[in-house]
Structure formats: C-alpha cells, structure tokens
Amino acid sequence: MAEMNTWNESLFGCCDDFPICCFGCCCTPCLFGSNAEKIDDRQAGLFSPFFFFASISSHPMTATNNQSILQSFNIRPCTIADEESAIDVCLKTGDAGNDATLLYDDPKLLGYRFVSPYIHLSPELAFILEDLEGNVCGYVLGTLHSDIFYQQYVNEWLSKVKQLYPKVPSDEESVKQDREVLRSFHNDNLQSFKLFDGYPSHLHIDLLPKAQGQGYGTKMIHHIVDELKRLGSKGVHLQMSANNARAFRFYTKVGFTVLEQDPETIWFGKKLT
C-alpha cells in the first residue's frame, strides 16, 4: 500500500487527497486524460474511460475499499446542533488522522479542545461536511483573528471547561491520553499558542475516511479560504502532527508552506493576498 501511495505522489500527484493511486480506475485526471502527457502512448491506454469500465466489469469495486467513490457530500455552515457529531469526528480522526477512540476514556475531551471552542466563539467560520443522509462526516473550523480568539478561549472557554473538569487526574488515575488534554485545560494561557506575522487567521480540518479521496478536503479548504479572503484576512496558518505524512502532502498541494516545525508539530501558512 505504501509503495502505491509513493508511486502516485511521485509520478502523477493528480489527486489532492486520494488515499492511494487508483491506476486510472477512479479519479478524474486519469479518466479524462489530463495525465496523458505524463505517460507514454502504450501506458496511456490504461488511463482511459474504456479501461475504467473494463476494470469495474472484471474487478467490481468493493464497499470496503471504494465506498467513498459512490457517495456525495455537501458543505454547509455548522450549527450548535452539529456540535456532538463534530466532536465525534474529532475523536475518530484524533490520532494523526486515525481513530483515537481507544486512546481516551472520555470521548468528548478532544472535541472540547479542538471543535467546540470554534463553534461557540467563531461560528461564522465553522463549516461541516455532511452526506446525503445528513450525517456529519467532516468539518473545517477557523477564526479570523487568532489573537482575539485565544483571548476568548483562555478567558471564556477554559473557565467553562474547568467547571466540567475541576482537576487533572494523576498518572495512576488516568492511563490514557485524557490527562494531557485536561492538563492543557488547566495550564494553557496566551503564551501557550503560536502567532505568525502575516498569517493572522488559523484553521483546522478533519474528514472521516468515508469522505476522503474525492477532493472534498480541497473543496473545504477553498471554501474557508474564500470566506477568510472575503473577511479581509491576509494569511492563514494551521498546525498538524509531524508524523502525519498524508496531511503534510495534502496541505502542500493546496498551497500551504512550512512556517515552523519541531519534532512533534508542523505549522503551515498560506498567504491570502
């Protein structure tokens, strides 16, 4: 699997967030020939609509590996009613993009840190991705002025959260990762957050696996970037886990560049003017 992904990135790099190379079976650039110049004539025959239909006739797509290809999604503003579902998405993508359910005793902790503050403090820049049944399958959340947001987060949001979690458990009381999040609730201050000159806004995005691989990650980034531009932002930054190679490729493809990094975290930025 890893070799296929590397092959896709180095040879074509045609899909912004397709999980592996489809070898001409699924993605628009291959199906409609925009990659034809990158391969010789003999190989180009493989990357065609004819080969696509021949492939699915002889090798039917399975629901496990290709279910996202058959689904459609919609981007819309996030509401308070979406909060619980968005928190669940946060947990299921909270381990460097993978499911973090088994890492936490309290399934809401990550969401209270990375989702709920934006829904409550910056609702104009909170958007969710839903499927045709109305299920929340992803979100992109942001804020126009990071400095103002962090002041509100520390002074308003953390005071509420600390009422729900009045103490940090000891090492003996919590063997999972809850303790680190709870510690941040009690110890974070304005100096805990990075600000970048020229990149006053920030965002983060998470999608469930069923919504990945169809370009919706790119569409959601474009959606919030357009809204940030409309509101007058000059630049936006984000942070990601340093061990999430797929996210690194994705952010690079949608125009972000590395601003700073350490062994655990990478900060990206994108100019909007």
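Which strand is His-237 found in? The answer is E5, and we'll come back to that histidine after a walk through the helices. Keep in mind that this is a predicted model.

Let's start with helix H9, which covers residues 146-164. Its 19 residues reach 25 Å from first C-alpha to last, close to the 27 Å expected at 1.5 Å a residue. H9 isn't straight, though: at Leu-158 it bends by about 40 degrees. Leu-158 is also one of the buried residues of this helix, alongside Ser-146, Phe-149, Tyr-150, Tyr-153, Val-154, Trp-157 and Val-161. If you're looking for a pattern in those numbers, recall that an α-helix has 3.6 residues a turn, so residues three or four places apart point the same way.

What sits over those buried positions? The cover includes three helices, H7 (109-114), H8 (116-121) and H10 (178-187). Strands E3 (136-143), E4 (201-207) and E5 (235-241) are also part of it.

Now zoom out to the largest nonpolar core, a set of 61 residues. H9 gives the most to this core, with 7 residues. Tyr-153, Phe-185, Tyr-251 and Phe-256 are the members with the most contacts inside it. In soluble globular proteins, nonpolar side chains do tend to be buried together.

Phe-185 is worth clicking on. Beyond its neighbours within four places in sequence, it touches Tyr-153, Leu-158, Val-161 and Lys-162, among others. Its contacts also include Leu-109, Tyr-112 and Arg-113, as well as Tyr-165.

Helix H6 (residues 83-92) is next, with Glu-83, Ala-86, Ile-87, Val-89, Cys-90 and Leu-91 buried. Those residues pack against H7, H8, E3 and E4. Cys-90 counts as buried because its relative accessibility is 4%, under the 20% cut-off. Cys-137 is buried as well, with a relative accessible area of 1%. Don't go hunting for sulfur bridges, by the way: the structure holds 0 disulfides.

Back to His-237 in strand E5. Is this residue buried or exposed? It is buried, because its relative accessible area is 3% and the cut-off is 20%. A polar atom of the His-237 side chain lies 2.9 Å from the backbone oxygen of Tyr-199. Leaving aside neighbours within four places in sequence, His-237 is in contact with Tyr-199, Ser-201, His-202 and Leu-203, among others. Its list also includes Lys-194, Phe-196, Leu-259, Phe-268 and Gly-269. One further partner, Ser-146, takes us back to H9, where Ser-146 is among the buried residues.

How values were computed:
Residues numbered from 1 in each chain as written. Predicted model: local features only at pLDDT ≥ 70, side-chain atom pairs only at ≥ 80, totals over all residues. Heavy atoms only, no water. Helix = DSSP H or I, 4+ residues; strand = E, 2+ residues; numbered from the N terminus. Expected span 1.5 Å × (residues − 1). Bend = angle between axes of the 7 residues up to and from the residue. Buried < 20%, exposed > 50% of the residue type's maximum accessible area, 1.4 Å probe, protein only. Contact = heavy atoms within 4.5 Å. Core = buried A, V, L, I, M, F, W, Y, C linked by side-chain atoms within 4.5 Å. Polar contact = N/O pair within 3.5 Å; in protein donor to acceptor, adjacent residues only side chain to side chain. Disulfide = S-S within 2.5 Å.
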